[in-house]
Amino acid sequence: MVNVILIDVSGLSRTLQVTEGQSLMQAAVSAGVHGIVGECGGSAMCATCHVYVDGAFSDQLPTPLETELEMLECTASERLTNSRLACQIKISAVHEGLLVRLPERQ
Ligand code: FES
């Protein structure tokens, strides 16, 4: 299991224990995290799993595919340089302690 820390807009943090190979979106939805919707089920088609990844982990994530970049144009909250879709982040051991912030809305 890999520990991933989610911080909501009010500053509250929650640590999820994520199974390797699971996406961050799947883990958050399964845990009932408010602020991650995952409407399309992880197909990079809805942008309701938008997160801001802490800069310390930017090198640990794969380069976003074109489909993810296109969908990040449609986020409900502002897109920042560290915006990613949680459904495209497959958790592995290198993500231990990954810190992500949730946007104001999805
Ligand atoms: S769950 Fe739809 S884009 Fe991530």
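Strands E1 and E2 make a hairpin, with five residues between the two strands, and Gly 11 in its turn shows a positive phi of about 100°. Helices and strands here are DSSP runs numbered from the N terminus, with at least four residues (H or I) for a helix and at least two (E) for a strand. The model is a predicted one: local features need pLDDT of at least 70, side-chain atom pairs count only at pLDDT 80 or more, and totals for chains, interfaces and linings use all residues. Residues are numbered from 1 along each chain as its sequence is written.

Back to the hairpin: E1 and E2 run antiparallel and are held by six bridges, where strands pair if DSSP finds at least two bridges between them. Val 2 sits opposite Val 18 of E2. E1 also has E5 as a partner, this time in parallel, through four bridges; Ile 7 has Arg 101 of E5 as its bridge partner. The side chains of E1 take turns: Val 2, Val 4 and Leu 6 point to one face and are buried, whereas Asn 3, Ile 5 and Ile 7 point to the other and are not. Buried stands for 20 or more other C-beta atoms within 10 Å of a residue's own, exposed for 12 or fewer, and partly exposed for anything in between, with C-beta atoms placed from the backbone.

The rest of the pairing involves E3. E3 and E5 run antiparallel, joined by two bridges, and Tyr 52 faces Arg 101 in E5. E3 is also paired with E4 (residues 83-85), again in the antiparallel sense, over three bridges; there, His 50 has Leu 85 as its bridge partner. Taken together, the chain holds two helices and five strands, and their order from the N terminus is β-β-α-β-α-β-β.

Next comes the core. A nonpolar core is a set of buried Ala, Val, Leu, Ile, Met, Phe, Trp, Tyr and Cys residues joined through C-beta atoms within 7 Å. The largest one has 23 residues, and Val 4, Leu 24, Ala 28 and Ala 86 touch the most other members. Two or more residues come from each of E1 (2-7), E2 (13-18), H1 (24-30), E3 (50-53) and E5 (98-101), with H1 giving the most, namely four. Leaving aside residues up to four places away in sequence, Val 4 touches Leu 16, Val 18, Leu 24, Ala 27, Ile 91, His 95 and Leu 98. A contact of this kind asks for C-beta atoms, placed from the backbone, within 7 Å.

Two alanines in the loop between H1 and E3 also deserve a look. Ala 44 lies in that loop and has a positive phi of about 55° although it is not a glycine; it counts as partly exposed because it has 19 C-beta neighbours inside 10 Å. Ala 47 is found in the loop too, with a positive phi near 60°, but Ala 47 is buried, since 24 other C-beta atoms lie within 10 Å.

As for the chain as a whole, 30% of its 106 residues count as buried. Among contacts between residues at least 6 apart in sequence, 66% join residues at least 24 apart. The C-alpha trace spans about 30 × 30 × 25 Å along its principal axes. The radius of gyration, taken over C-alpha atoms, is 12 Å, which agrees with the value near 13 Å for a compact globule of 106 residues; the globule rule is 2.2 Å times the number of residues to the power 0.38.

Definitions and conventions:
Contact = placed C-beta atoms within 7 Å.
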